[in-house]
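Q: I should like to learn how to read the strands and domains of a model such as this one. Could we go through them step by step?

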Amino acid sequence: MNISVVGTGYVGLVTGVGLSEINHNVTCVDTNPQKVDLMSKGRSPIYEPGLEELMEKNIKLGRLRFTTEHKGAFNNSDVIYIAVGTPDNEDGTANLTYINQVIDVIANSITEDKIIVTKSTVPVGTNHLIMKKLNEKLPNHIKVEVVSNPEFLREGSAIEDIFHGDRIVIGADNQLASEIIREINKPYNIPIFETDIRSAEMIKYASNAFLATKISFINEIANICEKVEANVEEVALGMGMDSRVGNQFLRAGIGYGGSCFPKDTKALKKIAENVDYDFKLLSSVIEFNNRQQRKLLDQAINDFGTLKGKTVGILGVAFKPNTDDIREASSLVIIRDLIKMGAKVKVYDPVAIDNAKKELPIEVEYKNTALDAINNTDLVFILTEWDEFKSIPLECFTDSMLTPNVYDGRNCFDLENVKNSGINYCSIGRKY
Ligand code: UGA
């Protein structure tokens, strides 16, 4: 099949590369010429393990190309995938500016019937709106069918997920369009769930909101564990052995971040509000997560009285390991507040420093190694569970910090080892 993918953010690029790897002829379209140049050379603008190797391979095989020219790409394609961003507006609703721009470009470009597949996460009803707007703008003899095909990839393991996901959801009103999208996806060999458009749109929001709730649930259990001297890791293991609970997304920590959970939970709350439904459970998940992101900072303020004038080391700014994405990361909340309080902050992350420099206050100092960030500090916060941090010998903290106070927001170390190390250690849901 000839396919074009509009938008080469994380979802669009991975989708395009995945489709080319299963033998489709893919053209990725983006308005940014520098980005298109970079990607045409097989270089990825985002850090995603395994992505560049697949880009290089499929570019070489002639199955993957990048362009700024929408018209040519669309007219050479049987199917157009929309994968532009839907960031949140101030009020939490999804911002559809980029979707609307794509609708206009498609309406001004295509000269024959097309199937449009929406990968972007959009509020329930948006795919019908896209179809209506397009069919109104296009000349009478050209028709489009819109299919909702939400994305379930995780950053940092997107390549693994695209070839080994649990399901592919296809929401369509038109049987033929649904069959064509099913055929396109067949080589992935992943169970396909076909449904109506609105249910497909809802599946995406409900899945992300459910996972965010699961994380908040285990984080609340962790907070109680600390008080009753239970260990949340043991609790999560025991709970996860029940297949009805499932053992994933039960890692307690300093809250979820990233470009999806915070945005999609707020958007779903708004979707409910718009139909006069007060989604109380989700509202408290969102509020609780905001508090949990600050949990260790509040603990440290409590322990020290004030953090003014303290030298603080930060290990990890990415919202999770194996990505350079820092959007809505707990680290941003903590670092900004530390600077406001008058602390001296030294930051290290294996890949997210460039992005951090664009977002964080200028007072922040950046270090090239974890050890440099730890050295001569009064306290250290571990905010991303990079493998590199888990393998730091504990003597590094006791030998190089002024006083070894470690606040571990991702439970990177075994409690028994830490107990004999001389570190003042605070982690999540585990009584020290
Ligand atoms: C999430 C979903 O997992 C994907 O299925 C979905 O496609 C994607 O959003 C999206 O909507 O595009 P992602 O945000 O990349 O993927 O990363 P996750 O692995 O889900 O992690 C999100 C946050 O939850 C991270 O901050 C992570 O540290 C936190 N988390 C995750 C926990 O605190 N505990 C856990 O057990 C799991």
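**Domains and a central strand**

A: The C-alpha centres of domain 1 and domain 2 lie 29 Å apart. Please keep in mind that this is a predicted model.

Q: Which domains does the assignment give?
A: The domain assignment of the protein lists domain 1 (2-195), domain 2 (204-291) and domain 3 (294-426).

Q: How many residues of domain 1 and domain 2 are in contact?
A: On the domain 1 side 11 residues take part, and they are in contact with 10 residues of domain 2. The domain 1 residues that touch domain 2 comprise 6 nonpolar, 3 polar and 2 charged.

Q: How should one read the two faces of a strand?
A: In a regular strand, side chains alternate between the two faces of the sheet. In strand 4 (residues 79-82), Val79 and Tyr81 are on one side and Ile80 and Ile82 on the other.

Q: Are these residues of strand 4 buried or exposed?
A: All four are buried, so with a cut-off of 20 or more other C-beta atoms within 10 Å, both faces of strand 4 count as covered.

Q: Which strands pair with strand 4?
A: Strand 1 (residues 2-6) runs parallel to strand 4 and is joined to it by 4 bridges; here Val5 has Tyr81 as its bridge partner. Strand 5 (residues 114-118) also pairs with strand 4 in the parallel sense, over 4 bridges, and Ile116 of strand 5 stands opposite Ile80.

Q: Through which helix does the chain cross from strand 4 to strand 5?
A: The chain passes through helix 5 (residues 97-109), and this β-α-β crossover is right-handed.

Notes:
Residues are numbered from 1 along each chain as its sequence is written. This is a predicted model: local features need pLDDT of at least 70, side-chain atom pairs count only at pLDDT 80 or more; totals for chains, interfaces and linings use all residues. A residue is buried if 20 or more other C-beta atoms lie within 10 Å of its own, exposed if 12 or fewer, and partly exposed in between; C-beta atoms are placed from the backbone. Helices (H or I, at least four residues) and strands (E, at least two) are DSSP runs, numbered from the N terminus. Two strands pair if DSSP finds at least two bridges between them. A crossover is right-handed if, with the strands pointing away from the viewer, the path from the first strand over the helix to the second runs clockwise. Domain bounds come from an automatic or database domain assignment. Two residues are in contact if their C-beta atoms, placed from the backbone, lie within 7 Å. Ala, Val, Leu, Ile, Met, Phe, Trp, Tyr, Cys and Pro count as nonpolar, Asp, Glu, Lys and Arg as charged, and the others, Gly among them, as polar.
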